[in-house]
Amino acid sequence: NVDDLILKMSRYKNSQYKRQEELIRTSEIFDADDGNGYFKGRPRAFVLKDGMNNLYGPIRDGVLMYFKENGVSWWGGFKPSGHTLSSQIACLNHLFLIKNDKETVLAMLNGVRDEFEDVLPVSCDVMPGYIGFEVVSDKDHLNEKTCTRGSNCTSVDAFIYAVHRGDRKKWLIPIEWKYTEHYGNEDKSNEDRDGEEKGTNGKGHERIRRYSTLTDASSQLRSLESYYGSVYYQEPFYQLMRQTLWAENVVRHSVNETLQAEDYLHIHVIPAENKDLLDKKYKVSGMGMEATWRSMLNDQSKYVIIDPRVLFEPLVGRYPDLASYLEMRYW
């Protein structure tokens with residue numbers, strides 16, 4: 001079983017399985033949910049029976065309302081996942097409580113890059129706050145045929161709309177959130193539908209058709225003679241490529257977008273302990289994750305990796321109860 005093989009290879013993911021299972025057994029944070037919820041057809045100790053218990057208590061009702069009002073899809077279904085290693089849940093647990101606190105969101109952003117004088121309401125949301133979740137563009141700039149929040153198109157896990165301190169230009173701040181994710185060497189440019197000749201009319205060919213012209217036109221991503229088998233079509237770089245194109249094209253077509261901006265900063269949140277993601281020598285490059293991705297970027301200042309605990313440092317004194325929960329749950 002490929003899933004079991006990858007699991008055995010992931011020290012960090014295994015450690016987090018054990019951590020969450022221990023919390024289910026011994027703590028009160030999951031409201032007495034004893035786990036053994038179903039995932040991929042069978043009960044698992046690390047999956048809660050009720051996905052609501054996977055969310056930090058004070059945000060549960062607000063998150064449900066937010067997803068409903070804004071038409072946001074849940075990962076893997078129609079309700080919060082009970083999988084305690086869900087990165088969508090981790091992102092919400094870290095950021096949702098502060099989304100309406102302008103001063104705190106600005107402090108957090110400036111902890112990443114001390115360049116911003118203001119944050120603006122994320123105006124694509126019903127009842128806008130200062131952080132949006134699963135944000136998409138108004139128009140389909142990436143040939144994806146849909147702009148549905150959280151599914152079937154490029155969306156960003158979290159989003160901040162900021163004003164730069166120097167020239168007062170508006171910036172897009174897309175945030176990609178990782179928890180225990182790590183990847184094999186699957187080549188998404190050669191993934192095809194059953195019965196179709198490899199590299200012709202399958203999923204891989206469609207991906208190349210969608211994104212290669214946009215990559216050629218990108219000022220941030222380096223163009224290649226051929227995109228088949230390239231870095232851009234291996235995970236996690238496939239996601240990063242699409243998010244970079246998303247930010248560039250929202251800026252480029254700003255006049256037709258609710259979120260009008262002149263620049264962007266791409267933030268990648270990854271636990272420093274997730275060496276399976278960060279330190280793996282990727283077959284396509286022979287380098288680690290950050291070095292591989294930076295080798296494809298023209299402007300290094302537009303991309304930053306940060307550990308979630310470091311991201312939250314400016315907030316600890318403002319939200320001590322949340323910080324205690326995150327410390328127990330994730331850090």
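In the predicted model, the largest nonpolar core comprises 59 residues, of which L95, I98, I131, F133, I160, I173 and I267 touch the most other members. When neighbours within four places in sequence are left aside, L95 is in contact with M108, I131, F133, A158, W177 and L311. A second core, separate from this one, contains 38 residues, including Y232, V250, W293 and Y303.

Two helices illustrate how burial is distributed along individual elements. Helix α5, formed by residues 102-112, is mostly covered, with 8 of its 11 residues buried. The buried positions of α5 are T104, V105, L106, A107, M108, L109, N110 and V112. One of these residues, M108, is also among the contacts of L95. In helix α3, which spans residues 60-69, the buried residues are R60, V63, Y66 and F67. These four lie on the same side of α3, because they cover an arc of only 130° around the axis. D61 and K68, by contrast, are exposed on the other side of the helix. The buried residues of α3 pack against α4 and against strand β4, residues 132-135. The residue that follows α3 is G71, with a positive phi near 60°.

The largest pocket encloses about 1900 Å³ of space. Its lining is made up of 50 residues, and those nearest the pocket centre are W75, K178, E181, Y183 and Q239. By class, the lining of this pocket contains 19 charged, 16 polar and 15 nonpolar residues. Several elements contribute at least two lining residues each: the helices α1 (2-9), α2 (11-26), α4 (87-95), α6 (203-217) and α7 (237-252), together with the strands β2 (42-44) and β6 (170-177).

The second largest pocket has a volume of about 240 Å³. A set of 15 residues lines this pocket, with Y38, K79, P80, S81 and G82 nearest its centre. The lining divides into 7 polar, 6 nonpolar and 2 charged residues. K79, one of the residues nearest the centre of the second largest pocket, is located in the loop between α3 and α4. With a relative accessible area of 59%, K79 is classed as exposed, the threshold for that class being over 50%. The C-alpha atom of K79 is separated by 8.2 Å from that of M52, although the two residues are 27 positions apart along the chain.

A further pairing of segments that are distant in sequence involves D263, a residue of strand β7 (residues 263-264). The C-alpha atoms of D263 and K170 are 6.8 Å apart, with a sequence separation of 93 residues. Apart from neighbours within four places in sequence, D263 is in contact with K170, W171, L172, V251 and K302. V310, located in helix α10 (residues 308-312), provides a contrasting case. The C-alpha atoms of V310 and E191 are separated by 37 Å, and the two residues are 119 positions apart along the chain. V310 has a relative accessibility of 38% and is therefore counted as partly exposed.

Backbone geometry was also examined. Most residues other than glycine have a negative phi, and most peptide bonds are trans. Against this background, N36 has a positive phi near 60°, and M127 has a positive phi near 55°. N36 is situated in the loop between α2 and β1 (37-39), whereas M127 is placed in the loop between β3 (116-120) and β4. The relative accessibility of N36 is 41%, so this residue counts as partly exposed. M127, in turn, is exposed, with a relative accessible area of 63%. A cis peptide bond joins E235 to P236, with omega near 5°. P236 lies in the loop between α6 and α7, two helices that each supply at least two residues to the lining of the largest pocket.

Key:
Residues are numbered from 1 along each chain as its sequence is written. This is a predicted model: local features need pLDDT of at least 70, side-chain atom pairs count only at pLDDT 80 or more; totals for chains, interfaces and linings use all residues. Side-chain values use heavy atoms; hydrogens and water are left out. On a 1 Å grid over the protein atoms alone, a cavity is a set of points where a 1.4 Å probe fits but cannot get out, and a pocket is an open set with protein on both sides within 12 Å along at least five of seven lines; lining residues have an atom within 4 Å of a point. Grid points are joined across faces, edges and corners, and a volume is the space filled by probe spheres set on the points. Ala, Val, Leu, Ile, Met, Phe, Trp, Tyr, Cys and Pro count as nonpolar, Asp, Glu, Lys and Arg as charged, and the others, Gly among them, as polar. Buried means under 20% relative accessible area, exposed over 50%, partly exposed in between (1.4 Å probe, protein chains only). The arc is that of the directions from the helix axis to the C-beta atoms. Contact means heavy atoms within 4.5 Å. A nonpolar core is a set of buried Ala, Val, Leu, Ile, Met, Phe, Trp, Tyr and Cys residues joined through side-chain atoms within 4.5 Å.
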